Amino acid sequence: MARKRIALWGATGSIGLQTLDVMSQHEDLFELKVITAHSGAESLYDIARKWRPALAVLTGDVDRTHWRSRFHDIGVNLLFGRQGLLDAAAYDAADLVVNALVGAVGLEATVTALEANRPIALANKEVLVMAGELIMGMAAKRNLSILPIDSEHSALFQCLVGERAESVEKLILTASGGPFRETAKEDLAGVTVEQALAHPNWSMGRKVTIDSATLLNKGLEVIEARWLFGVGPDQIEVVVHPQSIVHSMILFIDGSVKAQLGEPDMRIPIAYALGFPHRLGGSFRRMDWSDTFALNFEPPDLHKFPALALAFDALKTGGTAPAVLNAADEIAVEAFIRGQIKFTDISRYIEMALHEFAKSGAVDLPAILEIDRDVRVWLNRHLEMGR
Ligand code: NAD
Ligand code: MG
């Protein structure tokens, strides 16, 4: 494999740090050119000191004079704010952008990187939820890959190697079911932030962990899969699989099913995206076949977890609906983490926002960014009044 120059957005997050772990197991294959973070200036600095990228970006509110001089002392150019991220996205000395940002903030930068002809390894699923058609269209026009990092989509991608699109009948996304799989529906209103953050199988950033508890994460992934793999909404099914060993499956038109399995270790899908089309060896978790174990599958309970049903609805509505769903979820999840609303309010607010804002029909980037802003303003105002 030829040496790859990497731009890593969201370097200090869960996916960002695991990407660095994979890269450090293959220092001869990768060079880190760009890193970004929001507020964790100290940890971005530690990464910069070790990897000496050309460019670093801090998007959050930080002491600019202090950090500019500290990064300058180690020979790293530091940019700031939203514009800094967009400038870094256009940086042309990178062969692959790893977008490990969380939320809608990654959308404009992704568009900028595609305009600059950069292929993208994507963890930041919100980008495809908001603007999947637009992003995939841009990538196709420029012949650029969007390589999935999300474990389910990496599994599907791996299962598709050597297959033809017309052979696919259904994509079957597995979901762990989250920490409340066995909690009674009546008890969900009273669950705490700590309980919601205690994911049974994966250790991840807070937003995706809460999304996993409401099952909206699976809904976002359904939308992500629809665009990544160009299938219709009716060709995607969700099955709960509590062990998170089967990362997703494909049903082909002859009734054959292919699955990708492995221990829940995000470094495996990250390594697949970084190395593609080569597989990278590494000290990632291995399955242990010397012990007896069982794998279970069950249908998701859409009454208990209405957020998943709302995501399927939003996908069918199309237009601005998925962007509305995403924006409302981001605000509601933050409010839940702050202790301002109940767990069950998250899906309630998403539903309200969809009623208020979702419109079908064609959308362009300005329309998506506008609806994203409008939903945030509306929901924040609503939450303020509810205090
Ligand atoms: P995280 O919260 O751990 O990290 C997010 C990163 O983005 C950090 O570097 C942070 O500094 C940066 N960031 C946060 N807010 C920002 C803002 N407003 N502007 C610019 N940068 C900002 O998140 P994560 O768990 O690593 O998840 C990243 C993405 O990957 C999410 O879309 C998530 O759904 C997806 N994903 C994560 C996992 C996982 O195991 N963590 C698995 C599958 C998919
Ligand atoms: Mg996933």
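Helix α2 is followed by R52, a residue with a positive phi, near 45 degrees. The model is a predicted one. The helix that ends ahead of R52 covers residues 41–51, and its buried residues are A41, L44, Y45, I47, A48 and W51. Viewed along the axis of α2, these buried residues fall within an arc of 160 degrees, so they line one face of the helix. Their packing partners are two helices and two strands: α1 (14–24) and α3 (64–73), together with β2 (30–37) and β3 (55–58).

Another pair to look at is α7 and α10. Helix α7 spans residues 151–160 and helix α10 spans residues 216–229; their axes come within 10 Å and cross at roughly 30 degrees. Because angles under 35 degrees count as roughly parallel, α7 is roughly parallel to α10. The crossing of α7 past α10 is right-handed. On the α7 side, the residues in contact are E152, H153, L156, F157 and L160, and they meet K218, E221, E224, A225, L228 and F229 of α10. Sorted by class, this contact has six nonpolar, one polar and four charged residues.

A single position in helix α6 can be followed in the same way. A131 belongs to this helix, which runs over residues 126–142. Its relative accessibility is 3%, and since buried means under 20%, A131 counts as buried. With neighbours within four places in sequence left aside, A131 is in contact with L107 and I368. L197 is 66 residues from A131 in sequence, and the C-alpha atoms of A131 and L197 are 28 Å apart in space.

Terms used: Residues numbered from 1 in each chain as written. Chains lettered and ligands numbered in written order. Predicted model: local features only at pLDDT ≥ 70, side-chain atom pairs only at ≥ 80, totals over all residues. Heavy atoms only, no water. Buried < 20%, exposed > 50% of the residue type's maximum accessible area, 1.4 Å probe, protein only. Helix = DSSP H or I, 4+ residues; strand = E, 2+ residues; numbered from the N terminus. Arc of directions from axis to C-beta. Contact = heavy atoms within 4.5 Å. Axes fitted to C-alpha atoms, helices over the stretch in contact; angles between N-to-C directions. Parallel < 35°, antiparallel > 145°, perpendicular 65-115°, else oblique. Left-handed = near helix turned anticlockwise from the far one by under 90°. Nonpolar A, V, L, I, M, F, W, Y, C, P; charged D, E, K, R; others polar.
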